[in-house]
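Here are a few short exercises to work through with the structure open. Try each task before you read its solution.

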Amino acid sequence: MASFFSDYGLMWYLEELNKKEFMKFKELLKEDIVQCGLKQIPWTEVKKASREDLANLLVKYYEEKKAWDVTFRIFQKINRKDLSERAAREIAGYTKLYQAHLKKKLTQDWSRKFDFPIQDFVKQKVSQDEYSQFEHLFISKAAEKKPHTVILKGMAGIGKTLTLARLMLAWSEGLIFQNKFSYIFYFCCQEVTQLKTASLTELMSREWPSPSAPIMEIISQPEKLLFIIDSLERLNCDLTEPELELCDNWIEKRPVHILLSSLLRRKILPESSLLITGTLETLDKLEDRIDYTEMKAMLGFDESSRRMCFRDLFPDKNRAQEAFRLVRENEQVFTLCQVPLLCWVLATCLKNEIDKGRDPAPACRRTTSMYTTYILNLLIPKSARSPSKKSQDLLQGLCSLAAEGMWTDRFAFSEEDLRKNGIVSSDIPMLLNIKIFLKSRDFRNFYTFLHPSVQEFCAAVFYLVRNHTDHPSKDVRCIETFLFTFLKKVNVQWILGGCFIFGLLHQSEQEKLEAFFGYQLSQEVKQKLYRCLETVSANEDLQEQVDSMKLFYCLFEMDDEAFAVQVMNFLQQVKFVVKDFSDLMVAAYCLKYCSTLKKLSFSMQDVLQFEQEHSYMEKLLICWQDVCSTLVSSEQVQELQVKDTNLGESAFLVLYNHLKHPSCTPQILEVNNVSFLCNNYMFFELLAQNRNLRYLNLSLTTLSHSDVKLLCEVLNREECNVEKLLVAGCQLSPEDCKLLASVLTNSKTLDHLNIASNSLDKGVSSLCKALCHPDCVLKYLVLANCSLSEQCWDYLSDVLKQNKTLEHLDISSNDLKDEGLKVLCKPLSLPNSILQTLHLRRCLITASSCQDLSEVLSNNQNLKSLQISNNKIEDAGVKVLCDAIKQPSCHLEILGLQACELSDACCEDLASTFTHSQTLRAVDLAENALNRSGLAMLCEALQQHRNIERILGLRITDFDKETQKFLIAEEEKNPYLIIISEEEVKSDHFRRRNMDVF
């Protein structure tokens with residue numbers, strides 16, 4: 001039965017009755033109950049009921065369908081057949097009415113959304129397979145039933161919006177989701193953000209065929225709603241707004257970015273389903289903040305589709321084949337052709353070159369070459385040899401407009417925007433005709449560049465031919481800021497802009513621009529870029545922020561070996577992710593010039609996993625060889641991290657041969673979530689050969705029992721100098737603990753062991769026995785999330801009594817509970833306890849256990865850090881702890897109380913503790929219900945010790961804007977007060993500088 005059967009609908013129709021009709025309705029209801037043998041509704045309640053009350057009574061005593069059946073019968077009896085018929089029409093018709101409207105909108109109004117030259121090629125009939133794929137996106141894969149959030153990611157122009165159009169059209173025609181979704185609403189971020197403020201009701205009503213949408217009917221079954229949020233990159237929102245600012249009311253008007261953020265973060269209509277699209281860069285940044293059930297990468301044109309595009313454009317099939325061969329041989333350009341529109345652009349570009357009798361090969365030299373050739377050719381009439389003054393001015397105007405759009409995050413421009421940048425109304429038809437411009441698919445009388453990358457190219461040309469100070473908009477910044485913004489990925493919509501600037505500095509591109517504009521370009525830009533990169537090399541913080549792969553692509557586009565050598569030898573650390581062959585080739589091009597690297601971190605994902613077709617595999621391995629050669633050519637590599645990588649046998653052998661080179665002896669080796677499709681013995685042999693190795697991190701790399709045996713054999717060797725071993729999440733078994741125990745008693749150097757996130761339980765007894773051995777030198781032990789049971793606490797208690805070296809113990813995310821903590825607190829309360837750091841996050845302990853912890857704090861003068869976050873400590877528990885911390889015998893410096901169900905009531909105790917304690921310097925209070933008055937009390941207490949640096953851990957987004965301003969002001973007022981956010985705590989840079997905090 002349709003979702004219209006609700007008490008809201010009943011109430012609306014009962015409201016249509018006059019007073020006399022309503023009284024008659026009640027009398028006939030009494031008779032109908034008796035005649036039909038229905039469940040009795042007390043007459044006294046019916047008699048005094050208002051229209052709303054009666055609707056509620058009917059729904060309460062009868063199921064919704066039966067309630068309406070009764071209502072329809074009585075409407076007939078009181079001669080209000082019109083109400084019965086209207087209700088029946090609306091019940092059956094709302095979804096059908098909306099589907100008919102949506103189909104018309106998609107087949108007629110949306111045709112202009114895809115008004116580009118390759119439209120007919122991509123608008124092929126949707127197959128049954130595609131319908132099945134649509135349905136599959138919303139099939140639950142886990143036992144837990146929760147609303148679907150599906151993400152489609154891909155390059156701009158790859159066909160995400162077109163796919164959404166096909167999906168909605170299929171639904172409107174009754175081909176998919178018929179029992180799953182009653183309504184589908186489409187929100188384009190670029191369009192709706194122009195509204196500034198709106199309610200969800202208003203956004204939904206915009207999509208309805210008539211002025212008044214039946215909102216109550218639509219939302220009466222929110223689980224049958226699908227909201228499509230297209231082009232997330234245009235939202236300009238990082239989904240970090242404070243919880244207090246989010247919206248849970250569908251009729252409340254809010255800023256549109258807050259409204260959509262509330263939808264994405266499940267604060268409003270959380271039962272509904274979501275389908276989200278965005279660019280790769282945007283979703284790489286935001287995917288951790290969206291609880292998605294499915295993520296799909298859209299790949300665009302496969303090789304056969306790209307080949308077909310060329311065949312369709314070239315009348316001569318031989319020329320089509322020759323042009324396609326040029327593209328196929330250039331991996332970067334070929335990858336770009338995944339985007340249907342850009343495939344057409346490149347094919348058109350090569351065809352024009354051939355038609356003019358020119359060699360097409362130079363146009364495929366680099367990605368920049370293709371754009372330069374294509375754009376300049378568009379602005380030179382076919383009959384002319386050189387551009388007119390009008391064409392030169394027009395390109396200047398386009399470049400000025402593009403640069404302003406980049407800095408103001410605008411990709412659609414009004415005629416006024418064009419005029420300000422020197423493009424007059426009479427120019428627009430020509431720009432539309434040559435396809436540099438398209439009419440905006442979202443706004444009337446607005447225009448966009450053919451593709452975002454065309455806008456980025458024109459913005460890059462602006463910096464080659466003009467100075468930012470000459471631009472009419474003050475938003476346009478200097479080229480140095482442009483480069484830093486690009487390399488640091490501050491704006492995820494900047495995909496190629498920085499690469500184009502470097503590419504345009506190549507001699508061949510300079511010659512094209514100089515021929516077009518009729519004057520020689522300044523070489524100052526190259527020097528500015530050089531100085532920029534020199535600045536990066538001198539600043540470790542900046543090096544951390546720079547995306548190495550972005551830099552690699554810039555240098556690759558420039559294609560200047562001498563410049564690349566200089567830049568690569570600036571760098572002491574690089575960190576990059578290779579997602580495809582194009583990335584690998586570009587990384588190899590740059591890394592072969594390295595000789596000064598100290599830190600190398602990379603992920604190859606699945607690029608080198610499978611043994612592929614021979615010639616293709618040869619190309620891959622040549623590039624991989626160049627990447628690995630850095631380990632030998634840079635003789636100072638001290639730190640190597642390989643993560644999220646699957647290596648086939650051939651690829652592993654290349655890496656193996658470089659790692660075993662005598663000059664490759666990193667002190668730090670991290671191999672995380674890596675699989676080797678080969679004999680693992682060779683890997684552990686490498687570990688044995690490197691006597692410089694001090695830090696070995698194999699976390700998230702699956703280790704079999706035989707692997708652990710090989711590892712422990714290495715660690716037990718007298719010549720092994722490994723001090724820190726991390727094997728968290730390696731699928732270790734209790735049996736493996738016996739092997740690790742032998743290392744603890746034999747190794748004279750291993751003082752740090754992290755075996756978190758392995759199911760060890762019974763194996764802990766072996767470890768504890770070794771930890772009690774007098775030869776054990778371990779100082780740092782992490783057993784978090786190891787499925788430890790009750791018997792383990794006695795074993796650990798013995799360790800705390802007998803071990804003379806252990807300073808750090810982390811048993812977070814185990815079911816310790818109050819009883820287990822009591823067992824551990826006994827040895828920790830002894831005056832000879834040497835433990836300095838105790839981590840008990842998520843251990844199911846409560847305020848009751850704080851008395852035992854207070855005994856530890858009072859008696860153990862060595863304990864410096866106590867982390868009890870994510871436990872039900874509450875205000876009462878904090879009070880007990882504060883009383884102990886204030887005692888002179890307590891030397892605690894760091895206290896972790898994140899998400900401990902605290903309120904403002906604890907702030908007075910904490911403030912008093914800060915005032916009286918001579919040692920406490922950091923308290924983590926994130927994710928607790930504190931308000932401004934409590935925070936003010938804490939800040940006032942922190943002012944009293946102005947010569948001691950204090951740190952408050954607060955998740956700044958937990959607070960409203962006024963409180964955020966207050967905290968920032970307090971931090972500025974007190975130079976010794978540092979307020980850190982949760983994001984800062986998680987950052988690599990913060991952890992390096994504050995290893996002992998939180």
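**Exercises on cavities and backbone angles**

As a warm-up, note that S14 gives four residues to the lining of the second largest cavity, the largest share. Keep in mind that this is a predicted model.

**Exercise 1.** Find out which elements give two or more residues to the lining of the second largest cavity, and sort that lining by class.

*Solution.* Start with the residues: Leu640, Val642, Leu647, Leu655, Leu659, Leu669, Val671, Val674, Phe676 and Phe683 line the second largest cavity. Next, match them to elements: strand S13 (639-647), helix H33 (649-659) and strand S14 (668-676) each give two or more. Now sort by class: ten are nonpolar, with no polar and no charged residues. The volume of this cavity is about 50 Å³.

**Exercise 2.** Work out how the lining of the largest cavity divides by class.

*Solution.* First, the setting: the whole structure has four cavities of 30 Å³ or more, and the largest has a volume of about 70 Å³. Then look at its lining, which includes Leu687, Arg691, Glu719 and Asn721. Sorting the full lining gives six nonpolar, two polar and three charged residues.

**Exercise 3.** Is serine 757 buried, exposed or partly exposed?

*Solution.* Locate serine 757 in the loop between strand S17 (752-754) and helix H37 (764-771). Its phi is positive, about 55°, though it isn't a glycine. Now use the cut-offs: buried is under 20% and exposed is over 50%. Serine 757 has 38% relative accessibility, so it counts as partly exposed.

Terms used: Residues numbered from 1 in each chain as written. Predicted model: local features only at pLDDT ≥ 70, side-chain atom pairs only at ≥ 80, totals over all residues. Heavy atoms only, no water. 1 Å grid on protein atoms, 1.4 Å probe; cavity = no way out; pocket = protein on both sides within 12 Å on 5 of 7 lines; lining within 4 Å. Points joined across faces, edges and corners; volume = space filled by probe spheres on them. Nonpolar A, V, L, I, M, F, W, Y, C, P; charged D, E, K, R; others polar. Buried < 20%, exposed > 50% of the residue type's maximum accessible area, 1.4 Å probe, protein only.
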